[in-house]
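Morning, everyone. I have one model to walk through today, and I'll keep it brisk. Please pull it up on your screens.

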Amino acid sequence: VLVRREDYTAPSHWIRSVDLSFDLDPAKTLVINRMRVEPNADRPGEPLRLDGEAITLTRVLVNGESVSFRNEGGQLVLDKLPTEAFDLEIRNTCAPEKNTELSGLYTSGGGFFTQCEAQGFRRITYFLDRPDVMAVFKVTLKADARAYPVLLSNGNLIDSGTLDKGRHFAEWSDPHPKPAYLFALVAGNLVCREQKIRSRSGRDHLLQVYVRAGDLDKTEHAMNSLIASVAWDEARFGLSLDLERFMIVAVSDFNMGAMENKGLNIFNTKFVLASPATATDVDFGNVEAVVGHEYFHNWTGNRITCRDWFQLSLKEGLTVYRDQEFSQDMAGEASARAVKRIEDVRQLRQFQFVEDAGPMAHPVRPDQYQAIDNFYTATVYEKGAEVVRMMATLVGRAGFRRGMDLYFQRHDGQAVTCDDFAQAIADANPDSALSVRLEAFKCWYAQAGTPRVNASGQFDAVAGSYTLTLSQRSPATPGQPGQAGKQPFVIPMALGLIAADGVALPLQLEGETAPHGTERVLVLEQTSQTWVFTGLGELTAAPVPSLLRGFSAPVVLEWAASEAELFTLLAHDHDAFNRWEASQKLALARLLAAAQADGGAAHLDEAYLQAMRHVLRDERLDAAFKELVLTLPSEAYVAERLAEQGVPVDPQRIHAARETMRLQLAQALHDDWVWAWETHQDNGGYRPDPLSSGRRALANLALAMLVLAATLRHDPLWPGRAYQRVKDAGNMTDRAGALAALVNARASLAEPALERFHAQFRDEALVIDKWFSLQASASESDGMVFARIKALAQHPDFTLKNPNRARSLLMVMTQNPAVLHRADAAGYVFWADKVVEIDAFNPQLAARLARALDRWRALAEPYRSAAREAISRIAAKPELSPDTREIVTRSLAD
Ligand code: ARG
Ligand code: ZN
């Protein structure tokens, strides 16, 4: 069934409080659910329709009396209810061990866990399972004391004790009213790391991280990240922890990353556990970001939640913005902040831009859905975060803080909309660049598709002026025609002007009496606008514009820069993001040419190589930044740029062109890579800070380049060194980096290295995931990687039932274009089989995997037809889940 945003109506009843009692048993758990229900005075006389799914009802009592009820479309419908508040008691059972969808109450590794967002609570008991119904929860858990010594739920522990037959109980009470999607319970044999902290407000809190017994040594980083998150939200937004106890629990079977249940966050182990021996620098960064993200939800999501699921970005976009800011602040130095920004933008372009160009394109605030779980997307999350960032840019840092303060003043304890948020930010800054055009700005919530901004500049040496013209257009997206069909967006354009020698020029617009700094934000709000910068009479050559600094808006910038301009920006731009961007444009131009040329040969010119050498050797630049500059744009990014130009995408040619360029870069800069490797060895102990992780990243890139070039020459030196490193590395970043270098170069030492690695970490599930994904992401050659993936799908360690393991092979494979897109269509066939197989027991996971061929229409033949056929094969299965059905139907719709 299709749900539409415009059909929103308030609930017929409110549920003010819930008293839940669980008799936990993997096969059959008994749930007693006592609710205090109040008719909504605005909607008198309506029946109460309670959501329920995959549960067995045993009794219904209203004010203690049994009543008649009916079942309608899966809902439990009660008519003729009291017109005043009443008690409603429901008893039902569910089967946690049979819950393979991992939504609702399920078992994992011998424990009980829940996942209720978005609509899992209805799989636990009958309820008004919608975010605008908020209740106070009291929860009693009863379970076998030996098998489940730890019993947790939201809020505060108010009682616990023993029962007969070896059972025990715990009673929890959460004073904060919350929607059902924030309910959680955990029961199992767990241990915890705990720490008491005193917050700024002077209150004491107990922080706990629960894991399985063998994992306690991997919880220090998560705890530190949590402590830092608490301090950061107080310092930056004045938001304090409102609970006596805050718990994080790790579970190894989890569909998503983590979940912000009030006071009881449940995390995928991947985003909690980290030790130098088992986690890479990227993992450490992810743990920090996700711990922060879920913690920040406590205010942006839990204290103020969403009125309905169309408003999902209200909490997700804002919370991603907050976690990105947190990670930047944790990174500290300006250069490290820029690196984090570049990584976030790279992610946005690789996933969100692609989504925005395909059949699943939807606005940040979608208008309709069939399965809400399909809308936990890069658009709602990452583009949503960019929308918040643009608001912050338009009102300034202090103004944004004022806006957040007003948002909490107005809406604390409420379920609200994206409009309410934007209004609060604007109202707190009445004269700001946002407030004067708020309605137009809100197009970002309503219109899908990545806007294109065209820039052209003209220098008038005689007048000493530089004229900049910016124009915008929007592509058509499903249900939304392009161009004339869409309103112009409000686009904050941060920019500067640079003289050819690198000097930042003062910016004075026509009509102004003095310059205003060397960087400013123009607001493009019409289809086309022109600005004239004056006072440039001293210049002998045209200045170079540095546009869209820091990626100030989520747009595709079309600016036909000359090579010379890009080299100038790469060498001199004061904005680190744009320096990196210039490097990527230089590489992209060469990749695009090579991917379209016959023979696919990429010949890198001396000017480009020299510029790369310069960056590599530049003592003023951070290693992390160098690594980003010297990493070529991804194959997916190249494909998307081609698609944008209307060129049919041939993934094999893109792969061939990029690999050729990589090899050339490896060979031409050989001595520089040797230097980089030698000068970026860390001898001290492992620390995951930006400086040392940047050094490791660059050293690993250097090693990959050296192993690649050496393997081709049959020179054993560098493969030997990489093998040695797989054996004796002091941390997982270096060990996995060396292993990847061998695997990607197809060095003969790759096999023994893989074996060794597997043997060493056979008991570390998250490391074995890496072992799978490292092989699935390897550089394809002659179909060898694909053949390996098919074999790995039969490996005794492989299972589709664990989402992390399934993703480590299958999702990673679909993100490896030369493996997925084969002329013989075998990649598509394999993919389609797995989607169907997984869909039978875990629709959410299957629906994610089903998105792999979203962009099939952009492909060249024979890929295009073969991809459509594979999707059609999935669509032809009558028993498909609504989740996967929605994806394939949209994919095939024209
Ligand atoms: N709210 C969670 C987060 O972003 C994500 C939960 C998504 N769950 C789902 N089944 N779609 O942190
Ligand atoms: Zn979130």
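Start at glycine 396, where helix H5 bends by about 115°. Keep in mind that this is a predicted model. H5 covers residues 378-411, which is 34 residues. How far apart are its end C-alpha atoms? They are only 26 Å apart. A straight helix at 1.5 Å a residue would reach 50 Å. So hold those two values next to the bend at glycine 396 when you look at H5. Just after H5 comes another glycine, number 413. Its phi is positive, about 85°.

Now the helix pairs. In general, we describe two packed helices by the angle between their axes and the distance between those axes. I have three of them to show.

First up, H2 and H3. H2 spans residues 281-296, and H3 spans residues 312-331. Their axes come within 9 Å and cross at roughly 135°. Is that parallel or oblique? It makes H2 oblique to H3, because 135° falls short of the 145 cut-off for roughly antiparallel and lies outside the perpendicular range. The crossing of H2 past H3 is right-handed. From H2, the contact uses Glu288, Ala289, Gly292, His293 and Phe296. They meet Thr319, Val320, Arg322, Asp323, Phe326, Ser327 and Met330 in H3. By class, that contact has 5 nonpolar, 4 polar and 3 charged residues.

Next pair: H4, residues 334-356, with H12, residues 623-630. Here the axes cross at roughly 30° and come within 9 Å. That makes H4 roughly parallel to H12, since the cut-off is under 35 degrees. H4 passes H12 in a left-handed crossing. Which residues make the contact? On the H4 side, Ser335, Val339 and Ile342. On the H12 side, Ala624, Phe625 and Leu628. The class count for H4 with H12 is 5 nonpolar, 1 polar and no charged residues.

Last pair: H17, residues 717-728, and H19, residues 750-760. The angle is about 5°, and the axes are 10 Å apart. That makes H17 roughly parallel to H19. Tyr723, Val726 and Lys727 of H17 meet Ala753, Arg756 and Phe757 of H19. Here the split is 4 nonpolar, no polar and 2 charged.

Now some backbone details, with loops in view. Go to glutamate 117 and alanine 118. The peptide bond between them is cis, with omega near 0°. Alanine 118 sits in the loop between strand E11, 111-115, and strand E12, 134-144. There is also a cis bond from glutamate 861 to proline 862, with omega near 5°. Where is proline 862? In the loop between helix H25, 843-849, and helix H26, 863-875.

One more stop, aspartate 782. Its phi is positive, about 55°, although this residue is not a glycine. Aspartate 782 lies in the loop between helix H20, 765-776, and helix H21, 784-792.

To recap, then. H5 bends at glycine 396 by about 115°. H2 crosses H3 at roughly 135°, H4 crosses H12 at roughly 30°, and H17 packs on H19 at about 5°. The cis bonds I showed lead into alanine 118 and proline 862. That's my tour. Thanks.

Definitions and conventions:
Residues numbered from 1 in each chain as written. Chains lettered and ligands numbered in written order. Predicted model: local features only at pLDDT ≥ 70, side-chain atom pairs only at ≥ 80, totals over all residues. Axes fitted to C-alpha atoms, helices over the stretch in contact; angles between N-to-C directions. Helix = DSSP H or I, 4+ residues; strand = E, 2+ residues; numbered from the N terminus. Parallel < 35°, antiparallel > 145°, perpendicular 65-115°, else oblique. Left-handed = near helix turned anticlockwise from the far one by under 90°. Contact = placed C-beta atoms within 7 Å. Nonpolar A, V, L, I, M, F, W, Y, C, P; charged D, E, K, R; others polar. Bend = angle between axes of the 7 residues up to and from the residue.
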